[in-house]
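Subject: Structure handover

Hi,

Here is the structure I promised you. Please open it alongside this note; my findings follow below.

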Amino acid sequence: MTFQDEINQVLIHELIHAYDDCRAKNITWSNCAHHACSEIRANHLSGDCHYKRELLRGYTKLRGHEQECVKRRALKSLQLNPNCSGAAAKDAIEAVWDICYNDTYPFERAP
């Protein structure tokens with residue numbers, strides 16, 4: 001990482017995972033739905049999918065880019081979990097999407 005902004009974004013992303021781990025009594029990272037929810041929240045709330053970051057990655061779609069990015073990046077993370085095959089990861093993301101995408105705690109709203 002070469003810019004302070006990148007460091008800040010990664011720290012926020014990881015702190016959201018830590019927050020989720022602390023606030024959920026029974027979070028199990030081997031459970032695809034639990035992992036998917038935290039990834040959705042971390043990608044959405046950390047600024048990972050801000051349109052400027054997406055443009056730098058080569059994604060030029062303006063309308064709807066943020067939600068597509070959150071899903072794409074969550075799927076990428078879930079597929080690294082040996083308990084979540086491709087289909088299980090996609091299904092988990094879809095199953096928890098509405099609740100987790102709209103959960104902005106500990107923030108009042110998404111950035």
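Let me begin with Ala-89, which sits in helix H5. Bear in mind throughout that this is a predicted model. Ala-89 has a relative accessible area of 0%, so it counts as buried. What does Ala-89 touch, leaving aside its neighbours within four places in sequence? The contacts are Leu-75, Leu-78, Gln-79 and Cys-84. Ala-74 lies 15 residues from Ala-89 along the chain, and their C-alpha atoms are separated by 8.7 Å.

Leu-78 is worth a look from its own side. Again setting aside neighbours within four places in sequence, Leu-78 is in contact with Ala-89, Ala-92 and Ile-93. Its other contacts of this kind are Cys-32, His-35, Ala-36, Glu-39 and Cys-84.

Next, the core. The largest nonpolar core has 18 residues. Those touching the most other members are Ala-36, Ile-40, Val-70, Leu-78, Ile-93, Val-96 and Trp-97. Helices H2 (32–45), H4 (65–78) and H5 (86–101) each supply at least two residues of this core. H5 gives the largest share, 7 residues. As background, nonpolar side chains in soluble globular proteins tend to be buried together.

Now H4. Does its length agree or disagree with what 1.5 Å a residue predicts? It agrees: the 14 residues of H4 should span 20 Å, and the end C-alpha atoms are 20 Å apart. The buried residues in H4 are His-65, Glu-66, Cys-69, Val-70, Ala-74, Leu-75 and Leu-78. In general, an α-helix has 3.6 residues a turn, so residues three or four places apart point the same way.

Then the packing of H2 and H5. Their axes are 8 Å apart, at an angle of about 55 degrees. That angle falls outside the ranges for roughly parallel, antiparallel or perpendicular, so H2 and H5 are oblique to each other. The crossing is right-handed. On the H2 side, the contact is made by Cys-32, Ala-33, Ala-36, Cys-37, Ile-40, Arg-41 and His-44. H5 contributes Ala-88, Ala-92, Ile-93, Val-96, Trp-97, Cys-100 and Tyr-101.

Last, a residue in another helix. Gln-9 is in helix H1 (residues 4–23). Is Gln-9 buried or exposed? Buried: its relative accessible area is 12%, and the cut-off is under 20%. Not counting residues up to four places away in sequence, Gln-9 touches Ser-46, Gly-47, Asp-48 and Arg-53.

Best wishes

Technical notes: Residues are numbered from 1 along each chain as its sequence is written. This is a predicted model: local features need pLDDT of at least 70, side-chain atom pairs count only at pLDDT 80 or more; totals for chains, interfaces and linings use all residues. Side-chain values use heavy atoms; hydrogens and water are left out. A nonpolar core is a set of buried Ala, Val, Leu, Ile, Met, Phe, Trp, Tyr and Cys residues joined through side-chain atoms within 4.5 Å. Buried means under 20% relative accessible area, exposed over 50%, partly exposed in between (1.4 Å probe, protein chains only). Helices (H or I, at least four residues) and strands (E, at least two) are DSSP runs, numbered from the N terminus. Contact means heavy atoms within 4.5 Å. The expected span of a helix is 1.5 Å times one less than its number of residues. Axes are lines fitted to C-alpha atoms, for helices over the stretch in contact, and angles run from 0 to 180 degrees between N-to-C directions. Angles under 35 degrees count as roughly parallel, over 145 as roughly antiparallel, 65 to 115 as roughly perpendicular and the rest as oblique. A crossing is left-handed if the near helix is turned anticlockwise from the far one by less than a right angle, and right-handed if clockwise.
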